[in-house]
Amino acid sequence: MLILSATRFTGMLGAWRGRGPAYADLADRTRLLILDGRLPIGARLPAERELSTRLQLSRTTVSAAYARLRDAGYLQSLRGSGSIVCIPGARQDTAPAAVPGTLDLSKAALPAAPQLAEAAAAALGQLPEMLAEPGYDPVGLPALRGAIAERYGARGLPTEPGQIMVTIGAQHAVALLSRVLLQRGDTALVESPTYPHGADAIRAAGGRIVPVAVTPRDGWDFEGLEQAFRRARPAMAYMMPDFHNPTGAVMEPSLRAGLLALAARTGTVVVADETMAELDIDSPGPVTPLAVHGPAVLVGSLGKTVWGGLRIGWIRAEPDLIARLVQARFANDLGTPVLEQLVALQVLSRYDEILAGRRELLRAGRDRLEGLLAAALPDWDVPRVAGGLTTWVNIGRPVSSPLTLAARSRGLLLAAGPVFGSDGVFERFLRLPISYGAPETTRAVEVLASAWSAMGESPAPPSYQPAVV
Ligand SMILES: Cc1ncc(COP(=O)(O)O)c(C=O)c1O
């Protein structure tokens, strides 16, 4: 069970004070943290007395907030166990995606590529050839490893099939790498903001996160990177150089070489999550993998380019690391499903055509979102992204969480800025996907505009320093 100290919980709350009574604001922010998944089910909140001291509120205020959460089914108070986070099972508002008509833009994803059904049918036709074998495949079908290696070659990075391990999506790859590369207590460099489940995987492996700043317009803070490497001597650096999630930033070529040189000095393994790298919208040619510039472990996936339901990802690493990863894998799973791998092989034989279609959708989605936001919310700063699935919008006031709650009550789910940071940072930001069609994007912007104007011009709560090393 996660036991939250008052200090940690206060950090997660961020600037929670709004215009309402303190107890209601505190309950609302806690509810959002639960709904966002930032506060896991089963976590124990700090005792009322401890929290009231930390927040400099009266005990009655904190009690009233907890009571409100209990009444709404988000807290269970058990004698001797404290206040435990839960989700009210039968209530409609606890399963937002299931509420009829709710639009879920908390996920940045495309619907399946139209070629997928045909690819799956062809793969099914190939399955009988495999059925004489036991079917447990911890490293990947030779043909699929070969096809992935060949693709790296075409993108400027000669690769042997022995350098490829097929995984159950990129998430699995990041989790497995974290388990193998990190010892409990090791530091891991992670961008801030970052893809939250990547950070989750690192924490679950016992890694201590050292953040380095990334912004949509200025990219990576090289000085911050240098300092972080020097001070923390991280065992691993988890980076997204191409179409960073959530900002869409792209790392400058000179910075790539600089990053790998820093890592070489401290013996840090750089893990580049290139899940989005081939979703470029404006590049004239293929985006080159980070390992073109020096030693780096690469993670790829078909989850974002083809379909999230196709659970195929991979790791590109030197064969000795691949061997360690395969050994480590058995504690959690016994291999990647063979049928999915056959589908992936089919998909890769038409990958250029599939990617061309995806790029067209994303280009249209980006231009549409930019146009709608410029008209409805002209004060928001919407950076133009050159690829990936999201843009990181600066809404100008540190109210991303309350805005997300207001949108939710109007039937729109979004991921608030702080989901991508820690300790309540990024309240001025909202991640918006560019991957949705015209009806969804139009409706989303309408809801946002209405939620924004309903929030009025309340005095902004105190803002935060961006995470710095
Ligand atoms: C940066 C990044 N890495 C990894 C993943 C997980 O990908 P997969 O579906 O292949 O597990 C995601 C999904 O959102 C992502 O955004």
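This is a stop-by-stop tour of a predicted model, with a selection to make at each stop.

**Stop 1: helices α2 and α4**

Select residues 22–36 for α2 and residues 59–71 for α4. Their axes come within 8 Å and cross at roughly 45 degrees. Angles under 35 degrees count as roughly parallel, so α2 and α4 at this crossing are oblique to each other. The crossing is right-handed. Now show side chains. From α2, the contact uses Ala22, Tyr23, Ala24, Leu26, Ala27, Asp28, Thr30 and Arg31. From α4, Thr61, Val62, Ala64, Ala65, Arg68 and Leu69 take part. Colour these residues by type: nine are nonpolar, two polar and three charged.

**Stop 2: strand β12 and its two partners**

Select residues 313–316, which form β12. Gly313 and Ile315 point one way, and Trp314 and Arg316 point the other way. Side chains in a regular strand alternate between the two faces of the sheet. Which residues of β12 are buried? All of them: Gly313, Trp314, Ile315 and Arg316.

Add residues 164–167 for β5. β5 pairs with β12 in the antiparallel sense over four bridges. Thr167 stands opposite Gly313 in β12. Then add residues 297–301 for β11. β11 and β12 are also joined by four bridges, again antiparallel. Here Gly300 stands opposite Trp314.

**Stop 3: helix α8 and its cover**

Select residues 196–204, helix α8. Its buried residues are Pro196, Gly198, Ala199, Ala201 and Ile202. What covers them? The cover includes α7 (169–181), β6 (187–192), β7 (208–215) and β9 (236–239).

Keep α7 on screen with α8. The two axes come within 8 Å and cross at roughly 30 degrees. Angles under 35 degrees count as roughly parallel, so α7 and α8 are roughly parallel to each other. The crossing is right-handed. α7 brings Gln171, Val174, Ala175 and Ser178 to the contact, and α8 brings His197, Gly198, Ala201 and Ile202. The contact residues divide into four nonpolar, four polar and no charged. Of these, Gly198, Ala201 and Ile202 are also among the buried residues of α8.

Check both ends of this region. In the loop between β6 and α8 lies Pro193. A cis peptide bond joins Ser192 to Pro193, with omega about 10 degrees. After α8 comes Gly206, with a positive phi near 95 degrees.

**Stop 4: the loop between β9 and α10**

Move to the loop between β9 and α10 (253–266), where Pro246 is found. Most residues other than glycine have a negative phi, and most peptide bonds are trans. This loop holds an exception of each kind. The peptide bond from Asn245 to Pro246 is cis, with omega near 15 degrees. Phe243, in the same loop, has a positive phi near 60 degrees. Is Phe243 buried or exposed? Its relative accessible area is 3%. Buried means under 20%, so Phe243 is buried.

**Stop 5: Gly335**

Select Gly335, in the loop between α11 (319–329) and α12 (338–349). Its relative accessible area is 18%. That is under the 20% cut-off, so Gly335 counts as buried. Leaving out residues up to four places away in sequence, Gly335 touches Asp137, Pro138, Ile168 and Arg329. Next, pick the C-alpha atoms of Gly335 and Gly135. They are separated by 8.6 Å, though the residues are 200 apart along the chain.

**Stop 6: the sheet of β13, β16 and β15**

Finish with an open sheet of three strands. In what order do the strands lie? The order is β13-β16-β15, with antiparallel pairing. Select the edge strands, β13 (390–394) and β15 (415–416). Each pairs on one side only. Then add β16, residues 429–433. Five bridges join β13 to β16. Trp392 stands opposite Arg431 in β16.

Bring in α14, residues 400–409. This helix lies across β15 and β16, and runs at about 45 degrees to β16.

Last, select Phe426 in the loop between β15 and β16. Phe426 has a positive phi of about 75 degrees, although it is not a glycine. At 11% relative accessibility, Phe426 counts as buried.

Notes:
Residues numbered from 1 in each chain as written. Predicted model: local features only at pLDDT ≥ 70, side-chain atom pairs only at ≥ 80, totals over all residues. Heavy atoms only, no water. Axes fitted to C-alpha atoms, helices over the stretch in contact; angles between N-to-C directions. Helix = DSSP H or I, 4+ residues; strand = E, 2+ residues; numbered from the N terminus. Parallel < 35°, antiparallel > 145°, perpendicular 65-115°, else oblique. Left-handed = near helix turned anticlockwise from the far one by under 90°. Contact = heavy atoms within 4.5 Å. Nonpolar A, V, L, I, M, F, W, Y, C, P; charged D, E, K, R; others polar. Buried < 20%, exposed > 50% of the residue type's maximum accessible area, 1.4 Å probe, protein only. Pairing = 2+ DSSP bridges.
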